[in-house]
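Q: I'd love a close look at how one pair of elements packs together here, followed by a walk outward into the rest of the chain. Here is what I am looking at.

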Amino acid sequence: MIKPLFQNVLVMVNGTDASINAVRYAVLMAKLYRVRVNAVYVVDTATIKQLTLNRIFIEEESREYEQSLEENGKRYLAFVDELGKAKGVKIETERRKGAIWSEVIACADERKADTILVGGSDRESTDQKEVGSTTLKSILLNSRCSVLVVKERMVEQLYKLA
């Protein structure tokens, strides 16, 4: 018998509309295909360290910015949890620190994800914080599982109907 393609998905959350749509997509997958859903938010300490080493940030600014990102991560993951609960789907959430792409891949490996969902948007979007091309490329090149870029335009409406 053939194993289902989707059993355990990991959604990368960064607070953008695109990443929240990826979460909604994962909730729909859970309802339709009975998949387990995990969500991860990564505090990008690698970039903060680079900014400090290049003297763009001073130590105090680095600490404040990291703390701000941690607080944002808590809020975003709480919202992700609410999105799942609203549709009867349990979402395991995790906040990590490091380089975004490597932490997403490590989390996927640890949780034995068979698919990583990342939010994407069409070229008409003005969402400037969507997954950076370098981050996405690194995830695509280094992931041991499939990567799905969610661009479904109607996902919010589909989520409401579910």
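Is the crossing of helix 2 and helix 3 left-handed or right-handed? Please start there, and then tell me about the surroundings.

A: Happy to take you through it. Please keep in mind throughout that this is a predicted model. The crossing of helix 2 and helix 3 is right-handed.

Let's begin with the geometry of that pair. Helix 2 covers residues 45-53, and its axis comes within 10 Å of the axis of helix 3, with a crossing angle of roughly 165°. Angles over 145 degrees count as roughly antiparallel, and therefore helix 2 and helix 3 are roughly antiparallel to each other. As for the residues involved, helix 2 contributes T45, I48 and T52, while helix 3 meets them with E59, S62, Y65, E66 and L69. Sorted by class, this contact of helix 2 with helix 3 holds 3 nonpolar, 3 polar and 2 charged residues.

Helix 3 has a contact with helix 1 to look at as well. Helix 1 spans residues 17-33 and helix 3 spans residues 59-86; their axes come within 10 Å and cross at roughly 30°. Since angles under 35 degrees count as roughly parallel, helix 1 and helix 3 are therefore roughly parallel to each other. The handedness of the crossing of helix 1 and helix 3 is right-handed. On the helix 1 side the contact is made by I20, V23, R24 and V27, and on the helix 3 side by F79, V80, L83 and G84. By class, the contact of helix 1 with helix 3 divides into 6 nonpolar residues, 1 polar and 1 charged.

Just after helix 1 there is a backbone detail you may enjoy. R34 sits in the loop between helix 1 and strand 2. The phi angle of R34 is positive, about 60°, although R34 is not a glycine. With a relative accessible area of 70%, R34 is exposed.

The chain then runs into strand 2, which covers residues 36-44 and contains V40. In terms of solvent exposure, V40 has 0% relative accessibility and so counts as buried. Setting aside neighbours within four places in sequence, the contacts of V40 are L10, V11, M12, V13, E94, R96, V104 and C107. If you would like a distance to check, the C-alpha atoms of V40 and Y76 are 9.9 Å apart, with their positions 36 residues apart along the chain.

V104, one of the contacts of V40, leads us on to a further helix pair. Helix 4 (residues 100-110) and helix 5 (residues 133-142) have axes that come within 8 Å and cross at roughly 35°. The crossing in which helix 4 passes helix 5 is right-handed. I100, W101, V104 and I105 of helix 4 make the contact with T135, S138, I139 and N142 of helix 5. In this contact of helix 4 with helix 5, 5 residues are nonpolar, 3 are polar and none is charged.

Helix 4 includes E110 too. At 52% relative accessibility, E110 counts as exposed. From E110 to S143 the C-alpha to C-alpha distance is 12 Å, with a sequence separation of 33 residues. Further along, K112 belongs to the loop between helix 4 and strand 4 (115-119). Phi of K112 is near 55°, a positive value in a residue other than glycine. K112 is exposed, with a relative accessible area of 66%.

Finally, let's step back to the whole chain. The protein chain has 6 helices and 5 strands, arranged along the sequence in the pattern β-α-β-α-α-β-α-β-α-β-α. Among contacts with a separation of 6 or more, 79% join residues 24 or more positions apart. Of the 162 residues, 44% are buried. The C-alpha trace spans about 55 × 30 × 30 Å along its principal axes. The radius of gyration is 16 Å, which agrees with the value near 15 Å that a compact globule of 162 residues would have.

To return to your starting point: the pair you asked about, helix 2 and helix 3, crosses in a right-handed sense, with the two helices roughly antiparallel to each other.

Notes: Residues numbered from 1 in each chain as written. Predicted model: local features only at pLDDT ≥ 70, side-chain atom pairs only at ≥ 80, totals over all residues. Heavy atoms only, no water. Axes fitted to C-alpha atoms, helices over the stretch in contact; angles between N-to-C directions. Helix = DSSP H or I, 4+ residues; strand = E, 2+ residues; numbered from the N terminus. Parallel < 35°, antiparallel > 145°, perpendicular 65-115°, else oblique. Left-handed = near helix turned anticlockwise from the far one by under 90°. Contact = heavy atoms within 4.5 Å. Nonpolar A, V, L, I, M, F, W, Y, C, P; charged D, E, K, R; others polar. Rg over C-alpha atoms; globule rule 2.2 N^0.38 Å. Buried < 20%, exposed > 50% of the residue type's maximum accessible area, 1.4 Å probe, protein only.
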